[in-house]
Amino acid sequence: MATEMHNLSQYDPTKIASGEGRKVGIVYAEWNSDITYALRDGAIKTLQENGVKADDITIASVPGSFELIFGASQMVKSGKYDAVIAIGCVIRGDTPHFDYICEGVTAGLSQLNVTYDIPVIFGLITTNTLLQAQERSGGRLGNKGDECAVTALQMMAQFK
Ligand code: RBF
């Protein structure tokens, strides 16, 4: 979660390697779609601003954040991408089994990261309130989708 000090959309473009020629998969959850669409669109925009071609970005949706594990797994195993970004939003106040979903997604995506050879970027917003999610999806604290795109670009440049 972003701290009050850190805007998720701020980065130094001179420190980011070009994404030209890179292929990126984005899987996003439909649950809390007002938030996840903004995250998805932020990620797409930032990837394109840093050289990734529109045709080299593949988008897939899944019903809820728990399904991000399977969706990301399928993208990774396809061998078509240099990085996969998984995007979802779980809000504690709205979700009785908040902890189960968050822990499940975290464990599932972590497992992909240590099993396969491309980075899977953790774009799950986990907040106490809808307002906190709004602040991190294009509001006061920037857009975590931007941060995910920058992270994917850094990881691809560093390791592939
Ligand atoms: N998915 C989310 O992405 N965010 C949520 O906040 C969320 N809350 C849920 C609350 C309940 C009570 C249930 C049953 C599901 C919720 N899901 C949520 C959906 C979940 O990630 C998954 O799609 C379903 O549990 C089906 O596997």
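Let's start with one pair of charged residues: Glu49 and Lys45 form a salt bridge, and their closest N and O atoms are 3.0 Å apart. Both belong to helix H1 (residues 33-49), where they sit 4 residues apart, so about one helical turn separates them. Keep in mind that you're looking at a predicted model. The rest of this briefing goes through other salt bridges and then turns to the ligand.

**Salt bridges**

- How many salt bridges are there? The count comes to 7, and the Glu49 and Lys45 pair is one of the salt bridges described here.
- Asp41 pairs up with Arg40 in a salt bridge, with 2.9 Å between the closest N and O atoms.
- Is Arg40 buried or exposed? Arg40 has a relative accessible area of 15%, which is under the 20% cut-off, so Arg40 is buried.
- Its partner Asp41 has a relative accessibility of 40%, so Asp41 counts as partly exposed.
- Further along the chain, Glu135 makes a salt bridge with Arg136, and here the closest N and O atoms are 3.5 Å apart.
- Glu135 is buried, with a relative accessible area of 14%.
- Arg136 counts as buried too, at 5% relative accessibility.
- That pair has company: salt bridges with shared partners link Glu135, Arg136 and Arg140 into one network.

**Around the ligand**

- Where does the ligand sit? The space it takes up is the largest pocket.
- The ligand has 13 residues around it, and the closest are Ser65, Glu67, Cys89, Thr95 and His97.
- Which strand gives the largest share of that shell? Strand S3 (residues 83-91) does, with 3 residues.

**Polar contacts with the ligand**

- Cys89, already listed among the closest residues, has a backbone N or O atom 2.8 Å from a nitrogen atom of the ligand.
- Trp31 takes part through its side chain: an N or O atom there is 3.3 Å from an oxygen atom of the ligand.
- With Gly64 it's the backbone that counts, as one of its polar backbone atoms is 3.5 Å from an oxygen atom of the ligand.
- How much of the ligand does the protein bury? On its own the ligand exposes 540 Å², and the protein buries 71% of that.

How values were computed. Residues numbered from 1 in each chain as written. Predicted model: local features only at pLDDT ≥ 70, side-chain atom pairs only at ≥ 80, totals over all residues. Heavy atoms only, no water. Salt bridge = Lys/Arg side-chain N within 4 Å of Asp/Glu carboxyl O. Buried < 20%, exposed > 50% of the residue type's maximum accessible area, 1.4 Å probe, protein only. Helix = DSSP H or I, 4+ residues; strand = E, 2+ residues; numbered from the N terminus. Near = heavy atom within 4 Å. Polar contact = N/O pair within 3.5 Å; in protein donor to acceptor, adjacent residues only side chain to side chain. Areas by Shrake-Rupley, 256 points an atom, 1.4 Å probe, with all protein chains shown as cover. 1 Å grid on protein atoms, 1.4 Å probe; cavity = no way out; pocket = protein on both sides within 12 Å on 5 of 7 lines; lining within 4 Å. Sits in = over half its atoms within 2 Å of the grid points.
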